[in-house]
Amino acid sequence: MEVPLKNSLVYKGVVLVAVIVPFLATIYAIYTLWNKAIHLTDLILLISLYTCITFGVTVGFHRMLTHRSFRPHPVVKTILLIFGSMSLEGAALDWAATHVKHHAQADHEGDPHSPVEGFFHSHLGWLFKDRMADPNIYCRNLVNDPIVSFISRTFLLWVVLSLVIPFAIGGWSGLLWAGLVRIFLVHHVTWSVNSICHTFGKREFETSDKSRNEWVVGMLAFGEGWHNNHHAFPRSAFHGLHWWQIDFSGYLIRLLERVGLVTDVYRIPAEMLANRYKNSKPVLHTTSISSKKAIVTE
Ligand SMILES: [Zn+2]
Ligand SMILES: [Zn+2]
C-alpha cells in the first residue's frame, strides 16, 4: 500500500509543500522581522561606523599613536584620533599609556590585562580594577602633543557625537544598532586581542610573553589578531607578515602612504625578520625566508 502512495503525485506534492512552504514562511518571517527590528539604513550605518571606529583604534590609537609606526598628516592624525575616541575605550592618552605598559610588562607582573590573572580579567575584568596607566609615566612625549591632548580632553564629546550621528540618520533603531550594538561589537573585538590573542592560536615567534596569532580576531579586528607577530615586532606598521594573514589596517596604512597622507612607514628590515625566524623554535609555518623578504621589502 505504501509504495504506490509514495510514488503517487499527490504524495510528492504533499512532501514538496511540507518542505517548501515552511522554508518560504521562514524567509518571510525573517523579512518581516528584518523590517521591524533592523532596517537597511541601520545595517549600513552599523558597518560604516564599525569600520571607521575600528580603524580609529587599530591604525590611530594603536599603530600610529602608541607604536609610532608611521608619520601622519595632521588632518589624518586628527580624524583617526576622533574615530578612536568614538570607540568608548578611554581617551587617547589613557589608551596609549595602558598599551605601552602592556608591552613593557606583557604577561608579567604589572601587565594591566594579562590572562595570567584569568581569562575574564584579561577580557574586561581589568577595566573594573583601575588598571589604566598614567600617561605622565608611560607616554610623556604624547602629553605635550597639542592634537593628542586636545582630542583626549574632549573625549566625551566624540563619544556623544558617535551616538548623535546614527540617531540623526536612523532614529532610535539607528541609535540602537549603529550606536549601542556597534559599541558592544567594537569593545569585544578589541578586548579579544587582549584575552584570546594571549591564550589561543599559534606562536610564530618566540617572545617573552604569551601572545598568539589568531585568525578570527585577525579578521574582525582588522589585522590586530596577528598579535604574536605584533609582540615580536611592535613598531611594524604591518601585523600580517604573509599574504594570507589578512591585515586591513596594514592595507589602509599602505593606501594612505601611496596617496602621500602618511610617511616614514616602519617596515621590519628583512635581515631582522630572517634572524628572528632562525632563533624562533618551533617554526609553525612553511613559507621560505626569501618569500618573506619579498613581503616585507616591497
Ligand atoms: Zn598583547
Ligand atoms: Zn601594541
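Two rings of Phe, Tyr or Trp, the last represented by its six-membered ring, are taken as an aromatic pair if their centres lie within 6.5 Å. In this predicted model, the count by that rule comes to 10 aromatic pairs.

One of these pairs joins F55 and F222, whose ring centres are 4.8 Å apart and whose planes meet at 45°, an arrangement that is classed as tilted. The pair links distant parts of the chain, since F55 belongs to helix α3 (residues 40-66) while F222 lies in the loop between α11 (215-220) and α12 (227-232), 167 residues apart. F55 has a relative accessible area of 15% and is therefore buried, because buried means under 20%; F222, at 10% relative accessibility, counts as buried as well.

A second contact to follow is that of F205 with F233, an edge-to-face pair with 5.2 Å from centre to centre and 90° between the planes. F205 lies in the loop between α10 (155-195) and α11, and F233 in the loop between α12 and α13 (248-258), so the pair ties together parts that are 28 residues apart in sequence. Both F205 and F233 are buried.

Returning to F55 and F222, the reader will find that these two residues, together with Y50, F248 and Y251, form one aromatic cluster.

Arginine side chains also meet aromatic rings in this model. The charged end of R276 sits over the ring of F233, 5.7 Å from its centre, and F233 is the residue that pairs edge-to-face with F205. R254, for its part, lies over the face of F238, at 4.5 Å from the ring centre.

Methods:
Residues are numbered from 1 along each chain as its sequence is written. Chains are lettered from A and ligands numbered from 1 in the order in which they are written. This is a predicted model: local features need pLDDT of at least 70, side-chain atom pairs count only at pLDDT 80 or more; totals for chains, interfaces and linings use all residues. Side-chain values use heavy atoms; hydrogens and water are left out. Rings of Phe, Tyr and Trp (its six-membered ring) pair if their centres lie within 6.5 Å; planes under 30 degrees apart count as stacked, over 60 as edge-to-face and the rest as tilted. Helices (H or I, at least four residues) and strands (E, at least two) are DSSP runs, numbered from the N terminus. Buried means under 20% relative accessible area, exposed over 50%, partly exposed in between (1.4 Å probe, protein chains only). A charge sits over a ring if NZ of Lys or CZ of Arg is within 6 Å of the ring centre and within 35 degrees of the ring normal.
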